[in-house]
Amino acid sequence: MKRGVKLQTKRRCFITLILIFIFAFANTCYGFASTITVNIPSRTIYFVSQNISKLYPIAVGKIVSTSPLGTYRIINKQINPTWISPWNGQVVPSGPNNPLGYRWIGFYSDYGIHGNNMPSSIGTLASSGCIRMYEADVEELYEMVNYGDIVNVVYQTMFTKTSPTGGKALFVYPDFYKKGLNTKQSIKKELSDEGIKVSNDIFDELYKYINISDPLVFSDGYKVIHNNELVSDDVYKSDKGQLYINVDDIKDFFNIDDEKIKSLNSILIDNKNYANIYDIGNMTGVNFSIDDNTKTIKMMGNIIYYEGKFLSTTDYADYQNRDIYIPIKEFCNITGQKVEWAKDKGVTIDGNPVKYKIYNSKSYINQKDLKSIYGLNIIVDSSSNKIYIKRQ
């Protein structure tokens with residue numbers, strides 16, 4: 001959404017400009033400026049500071065109202081911004097009807113990074129040029145950035161991704177703004193430079209879906225992806241059409257214990273173990289979507305880790321508001337706590353009643369409540385649909 005933040009008085013603007021100059025000068029001299037890299041084709045923000053780096057999903061400008069490419073600096077920040085409609089001048093105060101959400105980070109003219117009141121737009125081309133984020137994400141980002149921090153708006157369609165066991169594949173995102181980047185020659189050069197071998201027949205078959213499949217992943221066979229990650233490029237297809245994934249890739253991606261991974265009914269091929277995708281789904285709770293045209297297997301699910309180890313998956317994740325529900329039984333099993341159901345108390349953990357919800361006959365606790373009760377550090381990664389639970 002192109003901006004609608006009310007302009008302040010000339011005096012305030014003059015003071016703001018002075019502050020921007022001071023921050024910019026300090027950042028230049030001492031090199032501690034944080035950097036926000038907005039990539040249009042992948043619809044992601046990559047934030048880097050001295051202490052943290054994080055990827056966020058975003059919505060960007062539509063083809064008829066593109067986001068401005070270039071290098072900028074943060075020039076203003078506002079909590080609870082007011083939006084002024086560029087079409088009819090209507091003034092919309094902060095609240096649920098405001099398309100800017102509850103945070104504004106301005107970086108150029110009328111353009112900024114902001115929240116939204118339509119979370120389904122994240123991951124799409126939806127705005128009038130501004131950068132939309134999930135509300136909880138932009139509120140997190142807002143606290144980490146300062147006046148003068150760098151904002152790079154770039155247009156990169158190709159990324160080489162590596163699987164846990166070292167396999168590689170080239171992710172090619174659609175050339176939405178029609179800049180002519182995804183030519184056969186440019187993709188073949190990237191594949192050659194990265195040492196990714198793809199036969200001519202497979203390349204030509206994949207290229208039919210260029211700028212259609214999002215992303216189009218180049219490798220010399222089936223591959224498994226999960227959002228922005230390459231899970232495995234080592235997939236075996238049996239004579240009966242069954243698909244099996246390299247067990248080491250699955251083990252390392254999920255960080256599953258040796259004993260649990262042994263429960264998979266794997267098969268041995270060329271001294272490597274492979275497990276059927278449906279067995280993997282039953283063990284982890286993830287779902288798979290198979291596209292035989294592009295030889296791409298999409299793994300879908302919100303994955304939860306506890307102290308770096310795989311805990312479970314959850315189907316109940318609202319990244320806009322951080323309303324993410326953790327299965328209570330799995331949490332207690334891994335932490336050694338006792339969970340019970342009592343008629344007079346409902347669900348209890350170690351005898352203490354907790355707030356819970358029942359989904360499909362299974363009890364869940366909100367990650368916010370879990371964090372509050374047990375003093376846990378919970379990191380939500382909306383770009384990879386992963387939740388990391390750690391002890392403080």
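Okay, let's start at a turn: strands E22 and E23 form a hairpin with four residues between them, and in that hairpin Lys295 has a positive phi, near 55 degrees. Before I go on, keep in mind that this is a predicted model.

So, what are the two strands on either side of that turn? E22 covers residues 287–291, and E23 covers residues 296–300. They run antiparallel to each other, and their pairing takes in five bridges. If you want a spot to look at, find Ile290: facing it in E23 is Ile297.

Now stay on E23, since it has another partner. Which strand pairs with E23 in the parallel sense? That's E16, residues 223–226, and here the pairing has three bridges. Click on Ile225 and you'll find its bridge partner in E23, Lys298.

Next up, the largest pocket, where we meet these strands again. Its volume comes out at about 470 Å³. The lining is made of 21 residues, and the ones nearest the centre are Pro57, Gly123, Asn227, Asn228 and Ser383. E16 and E23 both contribute here, with at least two lining residues each. Which element gives the largest share of the lining? It's E23, with three residues.

And what's the lining like chemically? By residue type, there are nine nonpolar residues, nine polar ones and three charged ones.

So if you take one thing back to your screen, make it E23: it pairs with E22 in the antiparallel sense, with E16 in the parallel sense, and it supplies the largest share of the lining of the largest pocket.

Note on methods: Residues numbered from 1 in each chain as written. Predicted model: local features only at pLDDT ≥ 70, side-chain atom pairs only at ≥ 80, totals over all residues. Heavy atoms only, no water. Pairing = 2+ DSSP bridges. 1 Å grid on protein atoms, 1.4 Å probe; cavity = no way out; pocket = protein on both sides within 12 Å on 5 of 7 lines; lining within 4 Å. Points joined across faces, edges and corners; volume = space filled by probe spheres on them. Nonpolar A, V, L, I, M, F, W, Y, C, P; charged D, E, K, R; others polar.
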